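Open the model in your viewer and keep the sequence panel beside it. The stops below say what to select next and what is there.

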Amino acid sequence: MAAVVGCIVHNNHIVFDGYISPSNDLKFSDIPTGIDGIFSVPSAGLAQILAFLGFVEIAWWPASQYDGDYGIGYFGGDIFDPEEKARKLNAEINNGRAAMMGIIGNMVAEELTGQTMYEQYAAGHFNPFNDGEGFF
């Protein structure tokens, strides 16, 4: 879900002020939008991101909890009804799956058309399989 939100925010040119890498004189605004932006981030920065994600996986989210119940409750409260708890956990898992499909679809459309999501919407290209005019 964070990937989809990050893609939408970055495609609308909302970026942090300052430098992503002061030693390389690289600002956040210099990173291109879309999937090509990952290749502009210095390798040390990518290593920091991967190290942080690995730390979070090890420290807070044990890989043995396949059902999504990490024992922290639901918005500060606990759910005692097993049916309601199962329904909400399934909804959360399905929302994550939908977000993964959304970001993968966005990356595929970007590679097919050569345009970022913002450029596709601004040009009215909603279907990559036709002449690029409208929905159908």
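Among contacts in the protein between residues at least 6 apart in sequence, what percentage join residues at least 24 apart? The share is 29%, where contact means heavy atoms within 4.5 Å.

This is a predicted model, in which local features need pLDDT of at least 70 and side-chain atom pairs count only at pLDDT 80 or more, while totals for chains, interfaces and linings use all residues. Residues are numbered from 1 along each chain as its sequence is written, and side-chain values use heavy atoms, with hydrogens and water left out.

**Whole chain**

Colour by secondary structure. The protein has four helices and two strands, and from the N terminus on the elements run α-β-β-α-α-α. Helices (H or I, at least four residues) and strands (E, at least two) are DSSP runs, numbered from the N terminus. Of the 136 residues, 18% are buried. Buried means under 20% relative accessible area, exposed over 50%, and partly exposed in between (1.4 Å probe, protein chains only).

**Helix α3**

Select residues 82-113, which form helix α3. This helix has 32 residues and reaches 46 Å from its first C-alpha to its last, close to the 46 Å expected at 1.5 Å a residue; the expected span is 1.5 Å times one less than the number of residues. The buried residues of α3 are Gly96, Ala99, Ile103, Asn106, Ala109 and Glu110. They pack against α1 and α4 (117-123).

Stay on α3 and show the side chains of glutamate 84 and lysine 88. They meet in a salt bridge, at 3.0 Å from N to O. A salt bridge is a side-chain nitrogen of Lys or Arg within 4 Å of a carboxyl oxygen of Asp or Glu, and by this rule the count comes to one. The two residues are four apart in α3, about one turn of the helix. An α-helix has 3.6 residues a turn, so residues three or four places apart point the same way. Glutamate 84 is partly exposed, with a relative accessible area of 30%.

**Where α1 meets α3**

Add residues 2-11, helix α1. The axes of α1 and α3 are 8 Å apart, and the helices pack at an angle of about 40 degrees. That makes α1 oblique to α3. Axes are lines fitted to C-alpha atoms, for helices over the stretch in contact, and angles run from 0 to 180 degrees between N-to-C directions. Angles under 35 degrees count as roughly parallel, over 145 as roughly antiparallel, 65 to 115 as roughly perpendicular and the rest as oblique.

Pick out Ala3, Val4 and Cys7 in α1, which meet Ala99, Gly102, Ile103 and Asn106 in α3.

Now centre on asparagine 106. At 12% relative accessibility, this residue counts as buried. Not counting residues up to four places away in sequence, asparagine 106 touches Cys7 and Met117.

**Positive phi values**

Most residues other than glycine have a negative phi, and most peptide bonds are trans. Which residues should you select here? Start with histidine 13, in the loop between α1 and β1 (19-21). Its phi is near 60 degrees, a positive value in a residue other than glycine, and at 52% relative accessibility histidine 13 counts as exposed.

Move to aspartate 25, in the loop between β1 and β2 (26-27). Aspartate 25 is not a glycine, yet has a positive phi of about 55 degrees; the residue is exposed, with a relative accessible area of 53%.

End at glycine 114, just after α3, where phi is positive at about 75 degrees.
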